[in-house]
Structure formats: C-alpha cells, structure tokens
Amino acid sequence: MSDGGSVRVRVWDVPIRLVHWLIVLLIGLSWWTAETGRLEWHSYSGYGLLALLLFRLYWGFFGSSTARFANFVRGPGAVIDYLKSRWVTAPGHNPLGALSVIALFALLAAQIVLGLFSVDVDGIESGPLSLYVSFEAGRVAAKWHDRVFGVLQWVVVLHVVAVLFYVWVKKQNLIGAMFSGRRDYATSPRGDVRFASTRRLVIGIGLAAGLTWLVAKAFQL
Ligand code: HEM
C-alpha cells in the first residue's frame, strides 16, 4: 500500500524500461547523425535499434507477463469496454494504449528494415542488405526510410501527448512508472505480474545480438 490508500504494484521489469529509454535515446541519435551526415554512426545507431527491437519481440513472447503481446494486444471489444470504463484493470498496457504501442513498434520495424536496404544518391553509403537489391530499389527504400520517419515522429508526439494526458488529467503517473517500474492503482488490479527469469533474459540478449551481427554482416560470414 502506498500513501493515500492506493496500491503500488511492480509492473515493468528492468528490460522493458531499459529498452524503452534506449529506443528514445537511439531514435534521437539516429535523427541527429542523419541530419549532420554522420552516416557511419547512423548505421551503428540503427543496429542498436535493430537489436533492441529484436529483443523486445522475443520478450513479447517469452518475457514477463506485462511485456507479452498476448496480454495486451486485444480486439476492438476490449478497447470499447475500456473507453466505456467497463474494462477491469489489469497491470500493464491498457487496451487503448496497446494500439499506440503496436503502431510504434510496427513503424520502428519498417524504419529499420528500410534503412537496411537503403542506398544514398552516389551509392557510397548503403545499408548492409542493399547488396541484395538493385540501386533503384535501394533508392526507393531510402525515400521510404525518410517518409516513414516523418510518420514515426507524429506517432511519437501522439504517444507523449497521451502519456501526459494520463499524468495531468487522469493523475496517473505513467512516466514515473517507466522509470521506477512501479505504478499506483486506486484499487488492486486484476491478476499478478509474473517476471521472467535471468536465464530467459540472457538467451534473449544473445539471440538479439547474434541476429543483429548477422544482419550487419549481410549474412556473409
Ligand atoms: C522516440 C520516442 C519514443 C518511442 C519510440 C516510444 C515508444 C514506446 C513503446 C514502444 C512503448 C511500449 C513499451 C513496451 O511495451 O515495451 C512505450 C511505452 C511508454 N512510453 Fe514511450 N516512447 C517514446 C518516448 C517517450 C517519452 C518521451 C515518454 C515520456 C514523456 C514516454 C513514456 C512512455 C510511458 C509512460 C510508457 C508506458 C505506457 C503505459 O503505461 O502503458 N515515451 N513507449
């Protein structure tokens, strides 16, 4: 029990929080390195994002219960119930917030894949997988890499506005929870949070790092 009679629950594990804030950091770094022409660092930043995304995908199936897609990706019925306040609170993303989570991950995945196939105007700076496509296809990928970033920016703005709405209007400190892992609920949420083992974490890090390394080498060992 925390101050004011609310219930404090540990909802986010360390990997979820670390992945989230590293994604924020690396998206900023990717933008800055692209704007200032530091393309070598831009690719390192992109590989970092790829590793984080691969790990988060794995964690969505084998990680702690609040990280698992099966626990927060729900049909329109759950979203309507949530909007009508009929949805029974469970720890983790709510059904509406989950939609923005999916949009962010999907856009990030598209952005990374397009970057891997992109070729710049003179063909000197290229993503590692561009050697499997023609120069023209690599240029199309680069164009879409730019466009998708434009969309991603707006979805991020929407995401932050939604989070701030919860903090300021609904008085739910979601941002603090993304740092501390703990969130206060007015009443006990339904169900317990099950945290994944360190063994699973190590396997996930190994898989994500290995796959990223293979992609960076264009699968040519
Ligand atoms: C580049 C910018 C950002 C991206 C791409 C991003 C992406 C995401 C994603 C994918 C999640 C789901 C986390 C998971 O399930 O693993 C999430 C959750 C969250 N993000 Fe962000 N985020 C960004 C910036 C921010 C900022 C600036 C804040 C704080 C103001 C923030 C606050 C949160 C919070 C509080 C949650 C948890 C929401 C909940 O309780 O359901 N994010 N974000």
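Q: In what order do the elements of the chain run from the N terminus on?
A: This is a predicted model. Its elements run β-α-α-α-α-α-α-α-β-α.

Q: How many helices and strands does the chain come to?
A: The secondary structure comes to eight helices and two strands.

Q: What box do the C-alpha atoms fill?
A: Along the principal axes, the box is roughly 65 × 35 × 30 Å.

Q: And what percentage of the residues count as buried?
A: Of the chain's 221 residues, 22% count as buried.

Q: What about contacts: how many, in percent, join residues 24 or more positions apart?
A: Taking the contacts with a separation of 6 or more, 66% are between residues 24 or more positions apart.

Q: OK, helices. How are two packed helices described?
A: By two values, the angle between their axes and the distance between those axes.

Q: So what are those for H1 and H2?
A: The axes of H1 and H2 come within 9 Å, and they cross at roughly 155°. Angles over 145 degrees count as roughly antiparallel, so H1 is roughly antiparallel to H2.

Q: Is that crossing left-handed or right-handed?
A: H1 passes H2 in a left-handed crossing.

Q: Which residues make the contact?
A: From H1 they are Pro15, Val19, Leu22, Ile23, Leu26, Leu29, Ser30, Thr33 and Ala34. H2 brings Trp41, His42, Ser45, Gly46, Gly48, Leu49, Leu52, Phe55, Arg56 and Trp59.

Q: How does the contact of H1 with H2 look by class?
A: Twelve of its residues are nonpolar, six are polar and one is charged.

Q: Thr33 was in that list. Where is Thr33 found, and what is Thr33 in contact with?
A: Thr33 sits in helix H1. Apart from neighbours within four places in sequence, Thr33 has contacts with Arg38, Trp41, His42 and Ser45.

Q: Why does Thr33 count as partly exposed?
A: Because 18 other C-beta atoms lie within 10 Å of Thr33. A residue needs 20 or more to be buried, and 12 or fewer to be exposed.

Q: How far apart in space are Thr33 and Ile102?
A: Their C-alpha atoms are 26 Å apart, and in sequence the two residues are 69 residues apart.

Q: What is the place of Thr36?
A: Thr36 is in the loop between helix H1 (14–35) and helix H2 (39–62).

Q: Buried or exposed?
A: Thr36 is exposed, because just 10 other C-beta atoms lie within 10 Å. The C-alpha atoms of Thr36 and Leu54 are separated by 27 Å, with the residues 18 apart along the chain.

Q: Back to helices. What angle do H2 and H5 cross at?
A: Roughly 135°, with the axes of H2 and H5 coming within 10 Å. H2 and H5 are therefore oblique to each other. H2 passes H5 in a left-handed crossing.

Q: Which residues make that contact?
A: On H2 they are Gly46, Leu49, Leu50 and Leu53, and on H5 they are Leu108, Ala109, Ile112 and Gly115. Six of the residues in the contact of H2 with H5 are nonpolar and two are polar, with no charged ones.

Q: New topic, the ligand. Which residues around the ligand come nearest?
A: There are 19 residues around the ligand, and Ile27, His93, Leu104, Leu174 and Met178 come nearest.

Q: Which elements give two or more residues to the shell?
A: Those are H1, helix H5 (95–117), helix H6 (135–168) and helix H7 (174–180). The largest share, six residues, comes from H1.

Q: How do the residues of the shell divide?
A: The shell around the ligand has 14 nonpolar residues, four polar and one charged.

Q: Last one, the C-terminal end. What phi does Ala218 have, and where is Ala218 found?
A: Ala218 is not a glycine, yet has a positive phi of about 55°. Ala218 is in the segment after helix H8 (198–216), and counts as partly exposed because 14 other C-beta atoms lie within 10 Å.

Q: And Phe219? What are its phi and its place?
A: Phe219 has a positive phi of about 60°, and is not a glycine either. Phe219 too is in the segment after H8. With 10 C-beta neighbours inside 10 Å, Phe219 is counted as exposed.

How values were computed
Residues are numbered from 1 along each chain as its sequence is written. This is a predicted model: local features need pLDDT of at least 70, side-chain atom pairs count only at pLDDT 80 or more; totals for chains, interfaces and linings use all residues. Helices (H or I, at least four residues) and strands (E, at least two) are DSSP runs, numbered from the N terminus. A residue is near a molecule or strand if its C-beta atom, placed from the backbone, lies within 6 Å of it. Ala, Val, Leu, Ile, Met, Phe, Trp, Tyr, Cys and Pro count as nonpolar, Asp, Glu, Lys and Arg as charged, and the others, Gly among them, as polar. Axes are lines fitted to C-alpha atoms, for helices over the stretch in contact, and angles run from 0 to 180 degrees between N-to-C directions. Angles under 35 degrees count as roughly parallel, over 145 as roughly antiparallel, 65 to 115 as roughly perpendicular and the rest as oblique. A crossing is left-handed if the near helix is turned anticlockwise from the far one by less than a right angle, and right-handed if clockwise. Two residues are in contact if their C-beta atoms, placed from the backbone, lie within 7 Å.
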